[in-house]
There are 2 protein chains.
Amino acid sequence: MTPPKYQICLIGSGGVGTIASIVLTKSGLGRVTAVLRSKYSYVSQHGWQIESIDHGKLLGWKPYRLVSSVNDAATDENGEQIEYDYVVVCTKQLPNKSPVTDMISPVITPSKTTVVMIQNGIGIENDIIKMWPKNAVMSSVSHIGSSIKEPNVVIQMGKDVSKMGPHFHDGLDDSESTEKARAFVNMYVMGGSSVTEFVDDIQVARWEKLLWNGTFNTICALMRMDVGEVQRSKGRETLLVPMMWEIWRIASSAGHHIPESIISWMAYRLPDDCDYRPSMLLDLENGRHMELEVILGNPLKLAKELGVDTPIMATVYKFLKLEEWKIDQKVLPD
Amino acid sequence: MTPPKYQICLIGSGGVGTIASIVLTKSGLGRVTAVLRSKYSYVSQHGWQIESIDHGKLLGWKPYRLVSSVNDAATDENGEQIEYDYVVVCTKQLPNKSPVTDMISPVITPSKTTVVMIQNGIGIENDIIKMWPKNAVMSSVSHIGSSIKEPNVVIQMGKDVSKMGPHFHDGLDDSESTEKARAFVNMYVMGGSSVTEFVDDIQVARWEKLLWNGTFNTICALMRMDVGEVQRSKGRETLLVPMMWEIWRIASSAGHHIPESIISWMAYRLPDDCDYRPSMLLDLENGRHMELEVILGNPLKLAKELGVDTPIMATVYKFLKLEEWKIDQKVLPD
């Protein structure tokens, strides 16, 4: 057996990140160093316990290497610098609290490492491209029902369906960005992930997902309502669908064309008794920071630049900033 | 001593209404029949216990007559119809739940009874004028720190400062509307109320109060924040002051000129550690219906007619409608 071809550093071992490290390892093409923070000591002793619709039961599973910090990931056991081919970021997107550029800088080799963002939101690639203008950047829009039970159990109930594609930029030939993204998608397919699709315009997929994340997530959070409650209360008609159109118009003005029919499909596909509580609501209820800036803040900045009117979205953003203020009153400083 | 000149029916015996019935009784000019619903049996036995900054301590106080329904108020002890000079409405304004016109119709004598609304909100007089086009209508904008402790204690900590004035309409000479309003204000002054001012344009006073009620009340309610929290979180700058300007622009377009300086005075007069919880927040926390339609709903209808842009206000209204939906899920049907 040939040794894995690619050095991969994977940061963020929640439900999404841990399944990603399984897929990449199983592909036989990637040697995964996973950065765990709070879970490091437990998982390095016991490994993960995985129950996965895609990968079955795995007991005591570990990737090639576990480390407790990105700094530790930067060098191998002999203290030699590792030149990573891919750095896969699966953390929450909190640009105001812990910018991804700060987080990953120890493991980035300029002109070499491809940054893969398996994260929510809009505009998340901009800071990376600015900081490392010769590196490839790609992202994934992932629909995976996966969650962690403390201390080391990962339960993946929904199949890992994702779209992946490069973020083209001036510092790199599009062909090179494409090649690196295709190689990563190939690993994903080899690793047995359910459905991984390479797309040329990943922005369209990101904006499509924002139609959901920017509306159900934010309205459920602000109102402390589950999806069904938003629907039964007519909040879907008064707030959610109009807000989807605001997002649609920003995307459209930015040149990303989403079929209009997606809006009614997305707004009406779940039953009225659906008790799903989106992640932003769970964050709020648990006093954790929300992904507000990449879900609403960045799209609103773009809307302003493009002159798109966003009355509901802008107001929801401001109210969720007050929720964030409340959370900040309770969270202890680092 | 001459008997009281005016027959008065007073509906709604919360903190505001009970103090009003004391003032009108003390004036010597009014014979007050007070309608109590839930409190009738206790108060008719024990009277009220009053601690008032304006009227001192009163034990076992009662107005001329107590009744348990508006129907009972319509006739005297001998079953004779009473032709009231004034019907004073001090209830919460819930046009969708219990319209004032339905509530007061048994005690209105067409072309005679003046309707006095000591209530919050905008547009509250319209239905009354439509229903009784030859009757005078007036309203009061009251600033009184008065509250009820169950079962019969009324504590008035803040002085009763109010502006009162007629709502002119086509069915009645302005001079007659003015005369009836002045006579009522005169009773208030005779009754020892702190500061009662007759104003020609009561709408200006109502819109001025709405600058507060429409913003602090609604934002505190939606965010479950006290006044100081809204200020410290910068919600005052991002949401509250812009919303005040939306209200100011509706008032201005409707011909009610409020000095612009009132906005910064009103937004910045309370200290940042103020823990005041406005009534709408208390309603929400206690699962009671809010005065949403007269505080935001009617002003928004007017804004639409006048073509005034109200992005924040309209969004806040829609979110509070969802809160109302939640309340309706818990309140038992009548």
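## Notebook: a predicted two-chain model

I opened with the backbone of chain B, where Lys234(B) sits in the loop that runs between α8 (227–232) and α9 (235–253). I note at the outset that this is a predicted model. I looked up the phi of Lys234(B) and found a positive value near 70 degrees, in a residue other than glycine. I then checked accessibility: Lys234(B) counts as exposed, because its relative accessibility is 52%.

**Backbone, continued**

I looked for a similar entry in chain A and took Arg224(A). Its phi is also positive, about 50 degrees, although the residue is not a glycine. I placed Arg224(A) in the loop between α7 and α8 (227–232) of chain A. With a relative accessibility of 32%, Arg224(A) counts as partly exposed. I recorded these phi values because most residues other than glycine have a negative phi.

I turned next to peptide bonds. In chain A the bond from Glu150(A) to Pro151(A) is cis, and omega is near -5 degrees. I located Pro151(A) in the loop between β9 (146–149) and β10 (153–156) of chain A. In chain B I found a cis peptide bond joining Glu150(B) and Pro151(B), with omega about -5 degrees. Pro151(B) lies in the loop between β9 (146–149) and β10 (153–156) of chain B. The cis form went into the notebook because most peptide bonds are trans.

**Sheet of chain A**

I traced an open sheet of 8 strands in chain A, in the order β5-β2-β1-β6-β7-β8-β11-β12, with mixed pairing. Which strands stand at the edges? They are β5 (65–67) and β12 (195–198) of chain A; each has a single partner strand, so one side of each is left without a neighbour in the sheet. I noted an average twist of 20 degrees from one strand to the next.

I then took one pair in detail. Strand β8 (residues 137–143) and strand β11 (residues 161–166) of chain A run antiparallel and are joined by 6 bridges. Within this pair, I found Val141(A) opposite Lys163(A) in β11(A). I also looked at what packs on the sheet: helix α7 (residues 202–223) of chain A does, touching β7 (114–117), β8 and β11 of chain A. The direction of helix α7 makes about 40 degrees with that of β8(A).

**Ala251(A)**

I placed Ala251(A) in helix α9 (residues 235–253) of chain A. Ala251(A) is buried, because its relative accessible area is 0%. Leaving out residues up to four places away in sequence, I found that Ala251(A) touches Trp207(A), His256(A) and Ile258(A). I also took a distance to Ser162(A): the two residues are 89 residues apart in sequence and 20 Å apart in space, C-alpha to C-alpha.

**His289(A)**

I looked up His289(A) in the loop between α11 (279–285) and α12 (292–306) of chain A. Is this residue buried or exposed? His289(A) counts as buried, because its relative accessibility is 16% and the cut-off for buried is under 20%. I found a polar contact of 2.8 Å between the side chain of His289(A) and the side chain of Asp328(A).

**Cysteines**

I searched for disulfides and counted 0 over all chains. Cys9(A) is in no disulfide, and the nearest cysteine sulfur, that of Cys90(A), is 10 Å away. Cys9(A) counts as buried, because its relative accessibility is 0%. In chain B I started from the other cysteine. The sulfur of Cys90(B) is 10 Å from the closest cysteine sulfur, in Cys9(B), which is too far for a bond because a disulfide needs sulfur atoms within 2.5 Å. Cys90(B) is buried, with a relative accessible area of 12%.

**The two copies**

I superposed the chains last. Chain B can be laid on chain A by a turn of 180 degrees and a shift of 0.0 Å along the axis, with an RMSD of 0.0 Å. The two copies are therefore related as by a two-fold rotation axis. I asked which residue of chain B comes closest to the rotation axis. That residue is Pro311(B), at 2.5 Å by its C-alpha. I also compared the contact residues: 100% of those of chain B recur in chain A, so the same surface serves both copies.

How values were computed: Residues are numbered from 1 along each chain as its sequence is written. Chains are lettered from A and ligands numbered from 1 in the order in which they are written. This is a predicted model: local features need pLDDT of at least 70, side-chain atom pairs count only at pLDDT 80 or more; totals for chains, interfaces and linings use all residues. Side-chain values use heavy atoms; hydrogens and water are left out. Two strands pair if DSSP finds at least two bridges between them. Helices (H or I, at least four residues) and strands (E, at least two) are DSSP runs, numbered from the N terminus. Axes are lines fitted to C-alpha atoms, for helices over the stretch in contact, and angles run from 0 to 180 degrees between N-to-C directions. Contact means heavy atoms within 4.5 Å. Buried means under 20% relative accessible area, exposed over 50%, partly exposed in between (1.4 Å probe, protein chains only). A polar contact is a pair of N or O atoms within 3.5 Å; within protein, one must be able to donate a hydrogen and the other to accept it, and residues adjacent in sequence count only if both atoms are side-chain atoms. Copies are superposed by least squares on the C-alpha atoms of residues with pLDDT of at least 70 in both.
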